[in-house]
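Here's a walk through one protein chain, taken a piece at a time. Keep the structure open beside you and turn it as you read.

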Amino acid sequence: MCQSVDVPCPLRKRSRPDFSMIQAAQHNINPNSPLTKRVLVLNRLYMAVRIVPARRAFQLLCKNLAEVIAVEDGRYYNYDFSTWMELGILQASEEQDDNDDWVQTVRFAIPVPRVVRLLTYDRLPQRQIKLNRRNIMARDHHTCQYCEYQGSSSHLTIDHIVPRSKGGKDTWTNLATACKKCNSRKGGRTPEQANMPLLHPPKKPRINPMVTARLRVERYECWNVFLKNANWAVDVR
Ligand SMILES: [Zn+2]
């Protein structure tokens with residue numbers, strides 16, 4: 001799958017590549033464009049810190065703020081952007097791997113990297129996961145924890161398991177997703193008083209639930225080497 005953009009050929013001009021056309025094109029990006037593919041971002045210490053769309057990864061590469069990490073057979077290889085583009089040109093002249101996504105420029109194609117590493121950012125990933133409506137619903141898979149109704153956020157509410165009127169706090173273990181009907185039926189009672197048992201005891205998630213949800217559908221195998229020991233609140237941008 002290709003998105004056509006005008007990028008000067010790095011073989012013609014070896015100085016820092018001008019990626020302004022990709023940046024300019026981002027306002028018109030088709031949702032199926034390879035520029036929307038997800039890229040795992042590592043800090044300088046090879047720790048996963050966030051997941052970004054490919055267009056953002058290309059911006060980081062273009063500004064020399066990041067390098068490409070290519071994972072092959074569990075080992076990884078580092079490439080600066082110019083080298084990555086030249087490798088892409090060589091690869092494209094031989095054969096393009098169907099598993100790769102390519103950004104088609106006027107003169108050549110660039111493979112979308114799956115992983116990039118920030119060259120100067122060495123802060124540790126943020127460990128605190130925000131307690132908010134979006135994350136609670138993602139943790140509960142957008143499912144009412146009383147009746148198993150599954151729906152969009154607008155059809156769901158956040159229930160205080162022990163009601164605030166009875167001293168219930170805003171915590172991961174006291175908040176659960178509930179459909180409007182169940183929330184109204186339960187009212188100011190505990191699950192025991194209302195005879196409405198929870199499907200699952202709510203827990204504080206180990207990884208940002210929005211990321212977990214995305215990883216279920218968008219995870220690439222080459223990310224595993226960086227994610228298997230991850231215990232952080234990696235962010236989605
Ligand atoms: Zn319900």
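Where is asparagine 64 found? Asparagine 64 sits in the loop between α2 and β4, and the model that shows this is a predicted one. Coming just after α2, asparagine 64 has a positive phi of about 60°. That's worth a pause, since most residues other than glycine have a negative phi. As for its surroundings, asparagine 64 counts as partly exposed because 14 other C-beta atoms lie within 10 Å.

Let's step back and take in the whole chain. The protein chain holds eight helices and 11 strands. It has 237 residues, and 31% of them count as buried. If you take the contacts with a separation of 6 or more, 65% of them come from residues 24 or more positions apart.

How confident is the predictor? The average pLDDT of the protein chain is 80, and 75% of the residues score at least 70. Over residues 1-18, though, the pLDDT is below 50, even if this stretch has 44 contacts in the model beyond near neighbours in sequence.

Now back to α2, the helix that leads up to asparagine 64. Helix α2 covers residues 54-62, and its buried residues are Ala54, Arg55, Ala57, Phe58, Leu60 and Leu61. When you look at how those are spaced, it helps to know that an α-helix has 3.6 residues a turn, so residues three or four places apart point the same way.

Where does α2 fit in the bigger picture? Look for the largest nonpolar core, which has 25 residues; Val39, Leu40, Leu61, Val115 and Val116 touch the most other members. Two or more residues each come from β2 (38-42), β3 (48-53), α2, β4 (66-72), α3 (81-94), β7 (109-111) and β8 (115-118). The element that gives the most to this core is α2, with five residues. There's also a second, separate core of 11 residues, with Ala138, Cys144, Leu175 and Cys179 among them. As a rule, nonpolar side chains in soluble globular proteins tend to be buried together.

For a feel of the larger core, pick out valine 39. Leaving aside neighbours within four places in sequence, valine 39 is in contact with Ile51, Val52, Ala54, Ala57, Pro113, Arg114, Val115 and Val116.

Next, the strands. β2 and β3 pair in the antiparallel sense, over five bridges, and valine 41 stands opposite arginine 50 in β3. The two strands form a hairpin with five residues between them, and there tyrosine 46 takes a positive phi near 65°. Tyrosine 46 counts as exposed because it has 12 C-beta neighbours inside 10 Å, and a residue is exposed at 12 or fewer.

β4 has two partners to look at. With β8, β4 runs antiparallel and is joined by four bridges; here alanine 66 stands opposite leucine 118 in β8. With strand β5 (residues 75-79), β4 also runs antiparallel, and five bridges join them. In that pairing valine 71 stands opposite tyrosine 76 in β5. The hairpin of β4 and β5 has two residues between the strands, and aspartate 73 takes a positive phi near 55° in it. While you're following these strands, bear in mind that in a regular strand the side chains alternate between the two faces of the sheet.

Further along the chain comes phenylalanine 226, found in helix α8 (residues 224-227). Is phenylalanine 226 buried or exposed? It is buried, because 20 other C-beta atoms lie within 10 Å, and 20 is where buried begins. Not counting residues up to four places away in sequence, phenylalanine 226 touches Leu40, Leu42, Tyr46, Ala48 and Val115. Tyr46, you'll remember, is in the loop between β2 and β3. Phenylalanine 226 and alanine 48 are 178 residues apart along the chain, yet their C-alpha atoms are separated by 6.3 Å.

Finish with proline 197, which has its place in the loop between α6 (191-194) and α7 (209-218). Proline 197 is exposed because it has 9 other C-beta atoms within 10 Å. It has a distant partner in sequence too: tyrosine 146 is 51 residues away along the chain, with 6.4 Å between the two C-alpha atoms.

Key. Residues numbered from 1 in each chain as written. Contact = placed C-beta atoms within 7 Å. Core = buried A, V, L, I, M, F, W, Y, C linked by C-beta atoms within 7 Å. Pairing = 2+ DSSP bridges. pLDDT = per-residue confidence, 0-100.
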